[in-house]
Amino acid sequence: MQRQTVLVTGGAAGIGEGIAQVLATRGWQVLVNDVDAEGAQRVAQAVGGIALPGDVRNDPQGLVAQAVAAGGALHALVNNAGIIRRSPLADTTEAELDVVYGINLKAMVRLSQVALPHLQASAGAIVNISSIAAESPQPAAGFYSMSKAGVSAFTRQAALEWGPRGVRVNAVAPGLIRTAMAEAVYSVPELHEKRRMMMPLRRIGVPAEIGKVVAFLLSDDASYVSGQVIAVDGGFTQTLIDHLPHPPTPAF
Ligand SMILES: NC(=O)c1ccc[n+]([C@@H]2O[C@H](COP(=O)([O-])OP(=O)(O)OC[C@H]3O[C@@H](n4cnc5c(N)ncnc54)[C@H](O)[C@@H]3O)[C@@H](O)[C@H]2O)c1
């Protein structure tokens, strides 16, 4: 039987690489897109897939056409490519807004639109990578949060509009995952330790833990799941009240 094909954007490193690895072990043929052509080639080779290098902002038609030609059909799209820029809102430039919205949100919408007829033909699915930052402001990276709020809203909107075409659309909202994007924090042992202790599971997540939830959402086990944004964060988003000073509580 021919393998099902999935296009993973930003698949050369971090969470995208973790997603590519997990999906390959579940039998998917993985088409690895990334602006880092060498990285895409390395991961594609490692997972027995095909590299489709390129910037997600350029030529979505071309990327989807290459994916369909390489795989014979397209059964799934994982919109993972994303970047963060750190600057206070008051100082954020138009160029910074354009690059963050362009990659995190606009390219995801355009690729999804172009992939839609192919996913409709294969009764396929889309998974978008949002963030817990979509629901929480964060210091000096607020427009990243705003772009991710757009990713979550697009996920719900597309689920409504594309469900009748048989295409499911969901998102995963990672919490703290150790990748290059956040390495400036985790390479400082004291910061790493403080963050670790704030997680109910007492550890920072790894890319494969996002990949496993993506694999579930693309699988038949999730055949009636659409329009959901699933936080994969070790329980971190449930800790708000725990941050308050309080009298001693019984150990738990
Ligand atoms: N790491 C975290 O803690 C975390 C938390 C929440 C959400 N996320 C989201 O997960 C996704 C992956 O993040 P990560 O931590 O793995 O980041 P990363 O920087 O480690 O990897 C991102 C990959 O995307 C590629 N990329 C960047 N711009 C691209 C473009 N224009 N076209 C094609 N590829 C491009 C990069 O080359 C890189 O390989 C992002 O959408 C990010 O916002 C990450």
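How many nonpolar, polar and charged residues does the shell around the ligand have? By class, 14 are nonpolar, 10 polar and 3 charged, where Ala, Val, Leu, Ile, Met, Phe, Trp, Tyr, Cys and Pro count as nonpolar, Asp, Glu, Lys and Arg as charged, and the others, Gly among them, as polar. This is a predicted model, with local features needing pLDDT of at least 70 and side-chain atom pairs counting only at pLDDT 80 or more, while totals for chains, interfaces and linings use all residues. Residues are numbered from 1 along each chain as its sequence is written, and side-chain values use heavy atoms, with hydrogens and water left out.

In total, 27 residues surround the ligand (a residue counts if one of its heavy atoms lies within 4 Å). The closest of them are I15, D34, N80, Y144 and T179. Some contacts pair N or O atoms within 3.5 Å. On the side-chain side, a polar atom of K148 sits 2.8 Å from a ligand oxygen atom. The backbone joins in too: a backbone N or O atom of V56 lies 2.9 Å from a nitrogen atom of the ligand, and one of G175 is 3.3 Å from a ligand oxygen atom. On its own the ligand has 830 Å² of accessible area, and the protein covers 90% of that (Shrake-Rupley method, 1.4 Å probe). Two or more shell residues each come from α1 (14-25), β2 (29-34) and α5 (142-162); these elements are DSSP runs numbered from the N terminus, with helices being H or I of at least four residues and strands E of at least two.

Now for the helix packing, with axes fitted to C-alpha atoms over the stretch in contact and angles running from 0 to 180 degrees between N-to-C directions. The axes of α1 and α8 (residues 207-218) come within 7 Å and cross at roughly 55°. That makes α1 oblique to α8 (under 35 degrees counts as roughly parallel, over 145 as roughly antiparallel, 65 to 115 as roughly perpendicular, the rest as oblique). Helix α4 (residues 94-122) packs against α5 at about 15°, their axes 9 Å apart, so α4 is roughly parallel to α5. As for α3 (residues 60-71) and α4, their axes come within 9 Å and cross at roughly 40°, and these two helices are therefore oblique to each other.

Notes
A polar contact is a pair of N or O atoms within 3.5 Å; within protein, one must be able to donate a hydrogen and the other to accept it, and residues adjacent in sequence count only if both atoms are side-chain atoms.
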